Amino acid sequence: MPQPAPPSPANARPGLVVPVLAFGGIVVSLMQTLVIPLVPKLPALLGASPADTAWVITATLLAAAVATPVVGRLGDMYGKRRMLLLSLGLLVAGSVVAALADTLVPLVVARALQGLAAGVIPLGISIMRDELPAERLGSATAMMSASLGVGGALGLPAAAFLAENTDWHVLFWTSAGLGVVVTALVATCVPESTVRTGGHFDLVGAAGLSAALVCLLLAISKGAAWDWGSATTLGLFAAAAALLLVWGWWELRAGQPLVDLRTTARPQVLLTNLSSLVFAFAMFAMSLVLPQILQLPTATGYGLGQTMLVTGLVLMPSGLLMMATAPISARITAARGPKVTLMPGALVVAVGYGLGVVLMANVAQLVLVSATISAGIGLAYGAMPALIMGAVPVSETAAANSLNTLMRSIGTSISSAVTGMILAQLTVTLGPATVPSQGGFRLILGLGGVMALAALAIAAFIPAASRRGQATDDHALATTR
């Protein structure tokens, strides 16, 4: 049964909850693009091979996958604000370690610590559900979801500017400073959630899911480098499948499971998570294709020869557009329901990719393509947490939102792997170099559009939330405040 939490700190300021949590989401999402300008330089900076320096990216991915469901469940049990502060503390610690690092191992450890902060966005959405009145919740969660895109869009040009004009350690000192500011704001302005489940943490379930996710995402992210048919890659996929089966068996029998699979199997939750995974695949394709087209040399006939800084500035409006469409997403959700919001969002993304297949001749065309896709993402991403929260008890909000976030992460990882495989196969020779072909880029953009339409089709089958169930849930939330 949900248990009331201790009283919130006297200095908490509920009126600032939404902007503070959204700012926290932006700062955490900055970590995803922070090292992109450094990737080509890391072998020389760290004295390591490109294959080894790839772990700077992989470590963050694996840590985020492990932390997201675990932190969500701990938030439901012991306090969402408490786990939010812990996540931000790990982000600051990782940033400081990275800022002091000069070799590969400490930098990989630092990036893993930063990845452990991935639960901030689902925790923030869950706090909003507990603290805000129903009429404000839709716009607030849409804004929190959009913060992921805003942080990524703002982070790329800022990181490129710092990387080109300062010592690379400044990137991480800057992220540490932002983390300290967010931590102080959360401690000052965000009250502790009034809903807790109590009970005992499912350590076996957490270990099993973590091991399965590490095997799965390691195979996906490193499969191209290790060869998709290698014993290592196939063994990891097999291990992930076996671990997930055993984990599912355990969760169905555990008294207090890490993930309530019976709740997760409800059609509204199951189909929303599946749609999120497919939609994330579609969303991430843009991030993998457009920067390459912008930066490839003009001698290819389709590259635009822009610098990393200019590329970031070109893509920056897309993140701002996500934030601008968040209120529109909330209004549609309030009037017609989140399912209706998700479907046109996916359709707009598909239209954007369709434009991308034929419009890539200049910067203005890519800005139009990026803006169209981002508008669709802004509409759809705000609807996903609303669909999840409409189908789960308030006592499971953080865990359910975290699982949905995990589905998106798996979708982006699969997108990255598939894109890398396609671009490695479809290439052209430019002097001594081999670069992806225009046909490869068009194939990926077309695939992104198909996946967006697949997300639309899945969303069409999501059942509407029960009004009676929602009313009961709102009453339960109100009685704990």
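**Exercise 1. Place Y353 in the predicted model: which residues does Y353 touch, leaving out those up to four places away in sequence?**

Solution.
- Start with the contacts. In this predicted model, Y353 touches A282, M283, A285, M286, I373, L445, G448 and G449.
- Next, the element. Y353 sits in helix 15, residues 338-358.
- Then the cover. Y353 is buried because its relative accessibility is 0%, and the cut-off for buried is under 20%.
- Last, a long-range distance. Y353 and V96 are 257 residues apart in sequence. Their C-alpha atoms lie 39 Å apart in space.

**Exercise 2. Find the salt bridges: how many does the structure hold, and which residues do they join into one network?**

Solution.
- Count. The structure holds two salt bridges.
- Take the pair K80 and D76. Their side chains meet at 3.7 Å, N to O. The cut-off is 4 Å, so the pair qualifies.
- Take the pair D130 and K80. Here the closest N and O atoms are 2.8 Å apart.
- Place this pair in the chain. D130 belongs to helix 7 (residues 120-131) and K80 to helix 5 (residues 80-100). The two are 50 residues apart, and the pair links distant parts of the chain.
- Join them. Shared partners bring D76, K80 and D130 into one network.
- Check the cover. K80 has a relative accessible area of 0% and is therefore buried. D76 also has 0%, so D76 is buried. D130 is buried too.
- Recall the background. Side chains of opposite charge can pair when their charged atoms come close.

**Exercise 3. Test helix 7: is helix 7 mostly covered or mostly open, and what span does it reach?**

Solution.
- Span. Helix 7 has 12 residues and reaches 16 Å from its first C-alpha to its last. That is close to the 16 Å expected at 1.5 Å a residue.
- Cover. Helix 7 is mostly covered, with 11 of its 12 residues buried.
- Names. The buried residues include V120, P122, M128, R129 and D130.
- Link back. D130 is the salt-bridge partner of K80.

**Exercise 4. Examine helix 8: where is its kink centred, and how does its span relate to the expected one?**

Solution.
- Limits. Helix 8 covers residues 134-165 and has 32 residues.
- Span. Its first and last C-alpha atoms are 47 Å apart, close to the expected 46 Å.
- Kink. A bend of about 30 degrees is centred on S147.

**Exercise 5. Compare helix 17 with its expected length, then place T419: which residues does T419 contact beyond four places in sequence?**

Solution.
- Expected span. At 1.5 Å a residue, the 29 residues of helix 17 should span 42 Å.
- Model span. The end C-alpha atoms are 43 Å apart, which agrees.
- Cover. Helix 17 is largely enclosed by the rest of the structure, because 21 of its 29 residues are buried.
- Residue. T419 is found in helix 17. At 5% relative accessibility, T419 counts as buried.
- Contacts. T419 is in contact with L288 and I444.
- Distance. T419 and F281 are 138 residues apart in sequence, yet 9.9 Å apart C-alpha to C-alpha.

**Exercise 6. Look at three loop residues, A391, D260 and D227: where does each lie?**

Solution.
- A391 lies in the loop between helix 16 (363-389) and helix 17 (397-425). Its relative accessible area is 11%, so A391 is buried. A391 touches T263, R266, Q268 and V269, sequence neighbours up to four places away not counted. A391 and L216 are 175 residues apart along the chain, and 28 Å separates their C-alpha atoms.
- D260 lies in the loop between helix 11 and helix 12 (261-264). D260 counts as partly exposed, because its relative accessibility is 26%. D260 and E396 are 136 residues apart along the chain, with C-alpha atoms separated by 8.6 Å.
- D227 lies in the loop between helix 10 and helix 11 (231-253). D227 is partly exposed, at 47% relative accessible area. D227 has a positive phi of about 85 degrees although it is not a glycine. Most residues other than glycine have a negative phi.

**Exercise 7. Turn to the surface: which residues form a nonpolar patch?**

Solution.
- Members. V204, W249 and W250 form the patch.
- Area. Together they have about 320 Å² of accessible area.
- Element. V204 lies in helix 10, residues 203-226.

Key:
Residues are numbered from 1 along each chain as its sequence is written. This is a predicted model: local features need pLDDT of at least 70, side-chain atom pairs count only at pLDDT 80 or more; totals for chains, interfaces and linings use all residues. Side-chain values use heavy atoms; hydrogens and water are left out. Patches are made of residues with over 30% relative accessible area and no salt bridge: like charges are joined within 9 Å, nonpolar side chains (Val, Leu, Ile, Met, Phe, Trp, Tyr) within 5 Å. Accessible areas come from the Shrake-Rupley method with a 1.4 Å probe; for residues, only the protein chains shown count as cover. Buried means under 20% relative accessible area, exposed over 50%, partly exposed in between (1.4 Å probe, protein chains only). The expected span of a helix is 1.5 Å times one less than its number of residues. The bend at a residue is the angle between axes fitted to the seven residues ending there and the seven starting there. Contact means heavy atoms within 4.5 Å.
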